[in-house]
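I opened my notebook with a friendly plan: look up a few local features and write down what turned up. Here is the structure I worked from.

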Amino acid sequence: MTAPDPSITVVTGVAGFLGSAVARTLAAQGRKVRGVVRGSSPRANLADFPGELVEADLRDEAAVAKAMQGAGALFHVAADYRLWARDPEEIVRNNLTMTQAVMGAALKAGVTRVVYTSSVATLLPLDDAVSNENHPATPEQATGAYKRSKVVAERLVEEMVAKQGLPAVIVNPSTPIGPRDVRPTPTGRVVVEAANGKMPAYVDTGMNLVHVDDVARGHLLAESKGQIGRRYVLGGQDVTLGQMLADIAALVGRKPPGVKLPIAPLFPIAAVAELGGMLTGKEPFVTLDSLRMARHRMFYSSARAQVELGYHARPYLEALRDAVDWFRDAGMIR
């Protein structure tokens, strides 16, 4: 086994939204970045990648171990981030298998520090208060396959920390927005659709929105200051969906949507949309799980990260403006 080189840092998921931001933040600090990417991943975020690129299927521990050879640190950012799939259990299998393979390879490679990217999806939203790291969900409490996949994967990491000495710190980003959302993410789709005037109505829900580059910086703070086995919410501001849509409208010069819809009557529409998705293979804009999630305001506190890591996030409107500007430059907003 090659001895770990503290100057080499492996980052998974570098073709994606958050992984790309983490890799660029590391490189900006002078770190040698080795990005791990699937052969089928989109290349838009890799054109000017600031480091070495290695292709590997993250479900293949032997391939991941080869990519991790000699590295001193690992940021496992990659995930199957879909809120819908023809086979929902595929999302669970992918995220659990990836986590198991990557963490197993890290142990064998002798990596001295791991930052594992989880999600606030693993934490229970509270209807009458802001949630935090003290409210972990069980797989049974998680809404939908994606959230369940993140819960079981996070619990696996915690078990490997406790039983196998995995040197991992867990970070729980809220909902990142900003530049380089090439896919785009589910929240990015909302920004694009709203900016294009295709969301005339909305439901009464809310989320915690944060600039993707602030989340990336939070990853580095977790690496240097985080406690092994401890989780840290990396969030920004709590915002209602109505406010978010009004702010998008103001940024693009459109009239904000004025119709607030009750959630219950939308379930039959979502069921039909999902049936269409089963036939076409395209993810529907509204799904049954997204409506179930919308029943809760997903508000979270980053107080632990602020106190223990020195983490902070810029105002949410700056993140939203950067997202709108990037989508416009990419031709997604017309």
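The entries below cover aromatic pairs, a surface patch and some backbone geometry. I kept in mind throughout that this is a predicted model.

**Entry 1: aromatic pairs**

I started with the rings. How many aromatic pairs does a search of the whole structure find? My search came back with 2. I looked at Tyr81 and Tyr146, whose ring centres are 4.9 Å apart with 40° between the planes. That pair is tilted, because the angle falls between the 30 degrees limit for stacked and the 60 for edge-to-face.

Next I asked where the two tyrosines sit in the chain. Tyr81 belongs to the loop between strand E4 (71-76) and helix H3 (88-109), while Tyr146 is in helix H4 (residues 144-164). With their positions 65 residues apart, the pair links distant parts of the chain.

I then checked each ring's residue for cover. Tyr146 has a relative accessibility of 10%, so I noted it as buried. Tyr81, at 27%, is partly exposed.

My search also gave Trp326 and Phe327. Their ring centres lie 5.7 Å apart and their planes meet at 75°, so I wrote this pair down as edge-to-face. Are these two residues buried or exposed? Phe327 is buried, with a relative accessible area of 1%, whereas Trp326 is partly exposed at 21%. The cut-off matters for Trp326: buried means under 20%, so its 21% does not qualify.

**Entry 2: a nonpolar patch**

I moved to the surface. Which residues make the nonpolar patch there? I found Leu275, Met278 and Leu279, which together make a patch of about 340 Å². I followed up on Leu275 and placed it in helix H8 (residues 267-280). Leu275 has a relative accessible area of 53%, and since exposed means over 50%, I logged this leucine as exposed.

**Entry 3: backbone in one loop**

I turned last to the backbone. As a reminder to myself, most residues other than glycine have a negative phi, and most peptide bonds are trans. With that in mind, I noted two spots.

Arg180 is not a glycine, yet it has a positive phi of about 70°. I located Arg180 in the loop between E7 and H5. Its relative accessibility is 16%, so I counted Arg180 as buried.

My other note is on the peptide bond joining Arg183 and Pro184, which is cis with an omega of about -15°. Where is Pro184 found? I traced Pro184 to the loop between strand E7 (175-177) and helix H5 (186-195).

Key:
Residues numbered from 1 in each chain as written. Predicted model: local features only at pLDDT ≥ 70, side-chain atom pairs only at ≥ 80, totals over all residues. Heavy atoms only, no water. Phe/Tyr/Trp six-rings, centres within 6.5 Å; stacked < 30°, edge-to-face > 60°. Helix = DSSP H or I, 4+ residues; strand = E, 2+ residues; numbered from the N terminus. Buried < 20%, exposed > 50% of the residue type's maximum accessible area, 1.4 Å probe, protein only. Patch = residues over 30% accessible without salt bridge, like charges linked within 9 Å, V, L, I, M, F, W, Y side chains within 5 Å. Areas by Shrake-Rupley, 256 points an atom, 1.4 Å probe, with all protein chains shown as cover. Salt bridge = Lys/Arg side-chain N within 4 Å of Asp/Glu carboxyl O.
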